[in-house]
Amino acid sequence: MIAPKLQPGDEVRVISPSRSLSIIDEQHIQLAKERLEALGLLVSFSANAYEMDDFASSSIESRIQDLHAAFADPQVKGILATIGGFNSNQLLQYIDYSLIQANPKRFCGYSDITALSTAIYRKTGLITYSGPAFSTFAILHGNEYTVEFFKRVMMGSADSIHVTPSEAWSDDAWYRDQENRQFITNQGPVILNEGQAEGTIIGGNLCTLNLLQGTEFMPSLAGTVLFVEDDYMADPSTFDRDLQSLIHQPGFEQVRGLVIGRFQKASGMTPQLLDKIIHSKRELTNIPVIADVDFGHTAPHFTFPIGGKTKLNAQGTSVELWISE
């Protein structure tokens, strides 16, 4: 199930299913709102978006109320998560999935929001989107790639989108200093295993996706190309065991390819260590694997559809990656 594309004049609702909008600087809230309005969208905020508890989040009841209200409101065409966090999986058993199925909308977020996006796709068949959070739109510099791919996926008319690398990327605390930023020339994706693959996209934040293992919210891995990434807390050993845990899931033998997002510097991951991790796993031997792709916790990042389709061709030093709904 594919929700209609966003059009100029459409309302986008900002909800806080994980961390609260209160942790975002008010100046950044206004900047993000202005960026979305520049795309022709109308921005509204859920009733409990600013509520905050001891975990920089809010009650399950408040978050469920806002999620349901956003899907139920006929004026709302798109839903953006404020930011990530740690606890969106608390909501999964309380969601009225029949309400979502009856009111399909474009739901987008990343990081911890992977639990919600994946569960909604698994329970309803609605394609969701791993892409910028509302707060991401507050980035002043080096954000053109992120915004452009958001537009192309969420508002564009193309049936298939060629994912090209960004010119540069950053891994700095932009929310603390918007002007003194460090940008690194992007060398493009790294090929760890050559090959071609087509399949359904499943993925997002790896450690969050793994929280769904053994539950009714975990989608089938058969016929998929996995898109996975993690943040600075996932050092090489943690990423290794998290990836191994996913490999142990039923249906992994039918996974057709693996696309790995860019690691943050503080993770300590190196090309050499990642190569050793990938080639230590016989289950990956016969599928294409690429890494250092523009999604994850560095900036910028492209938007991709969870439950959508992808085509991957990795040969020699050349990578072709296409996504579609």
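**Exercise 1.** In this predicted model, decide whether Phe149 is buried or exposed.

*Solution.* Start with the value: Phe149 has a relative accessibility of 2%. Buried means under 20% relative accessible area, so Phe149 counts as buried.

**Exercise 2.** Describe how the rings of Tyr145 and Phe149 are arranged, and place the two residues in the chain.

*Solution.* Step one is the distance: the ring centres of Tyr145 and Phe149 are 4.7 Å apart. Step two is the angle, which is 45° between the planes. Planes under 30 degrees apart count as stacked and over 60 as edge-to-face, so this pair is tilted. Step three is the position: both residues belong to helix α5, and because they are four residues apart, about one helical turn separates them. Last comes the exposure of the partner: Tyr145 has a relative accessible area of 13% and is therefore buried.

**Exercise 3.** Which residues do ring pairs link into a cluster with Tyr145 and Phe149, and what charged end sits over the ring of Phe149?

*Solution.* Following the ring pairs, the cluster takes in Phe227, Phe295, Phe302 and Phe304 along with Tyr145 and Phe149. Turning to charge, the end of Arg152 sits over the Phe149 ring, 4.8 Å from its centre. Another case of a charge over a ring is Lys123, which lies over the face of Tyr97 at 5.8 Å from the ring centre.

**Exercise 4.** The whole structure holds 13 aromatic pairs. Classify the one formed by Phe45 and Phe134, and state which parts of the chain it links.

*Solution.* The centres of Phe45 and Phe134 lie 5.5 Å apart, and their planes are at 85°. An angle over 60 degrees counts as edge-to-face, so that is the class of this pair. Next, locate the partners: Phe45 is in strand β2 (residues 42–45), while Phe134 is in the loop between β5 (128–130) and α5 (144–154). With these positions 89 residues apart, the pair links distant parts of the chain. Finally, compare exposure: Phe45 is partly exposed at 28% relative accessibility, whereas Phe134 is buried at 0%.

**Exercise 5.** Which residues form a nonpolar surface patch with Tyr232, and where in the chain does Tyr232 lie?

*Solution.* Phe86 and Met233 join Tyr232 in the patch, and the three together have about 360 Å² of accessible area. Tyr232 is in the loop between β11 (224–229) and α7 (236–247). Its relative accessible area is 47%, so Tyr232 is partly exposed.

Conventions:
Residues are numbered from 1 along each chain as its sequence is written. This is a predicted model: local features need pLDDT of at least 70, side-chain atom pairs count only at pLDDT 80 or more; totals for chains, interfaces and linings use all residues. Side-chain values use heavy atoms; hydrogens and water are left out. Patches are made of residues with over 30% relative accessible area and no salt bridge: like charges are joined within 9 Å, nonpolar side chains (Val, Leu, Ile, Met, Phe, Trp, Tyr) within 5 Å. Accessible areas come from the Shrake-Rupley method with a 1.4 Å probe; for residues, only the protein chains shown count as cover. A salt bridge is a side-chain nitrogen of Lys or Arg within 4 Å of a carboxyl oxygen of Asp or Glu. Helices (H or I, at least four residues) and strands (E, at least two) are DSSP runs, numbered from the N terminus. Buried means under 20% relative accessible area, exposed over 50%, partly exposed in between (1.4 Å probe, protein chains only). Rings of Phe, Tyr and Trp (its six-membered ring) pair if their centres lie within 6.5 Å; planes under 30 degrees apart count as stacked, over 60 as edge-to-face and the rest as tilted. A charge sits over a ring if NZ of Lys or CZ of Arg is within 6 Å of the ring centre and within 35 degrees of the ring normal.
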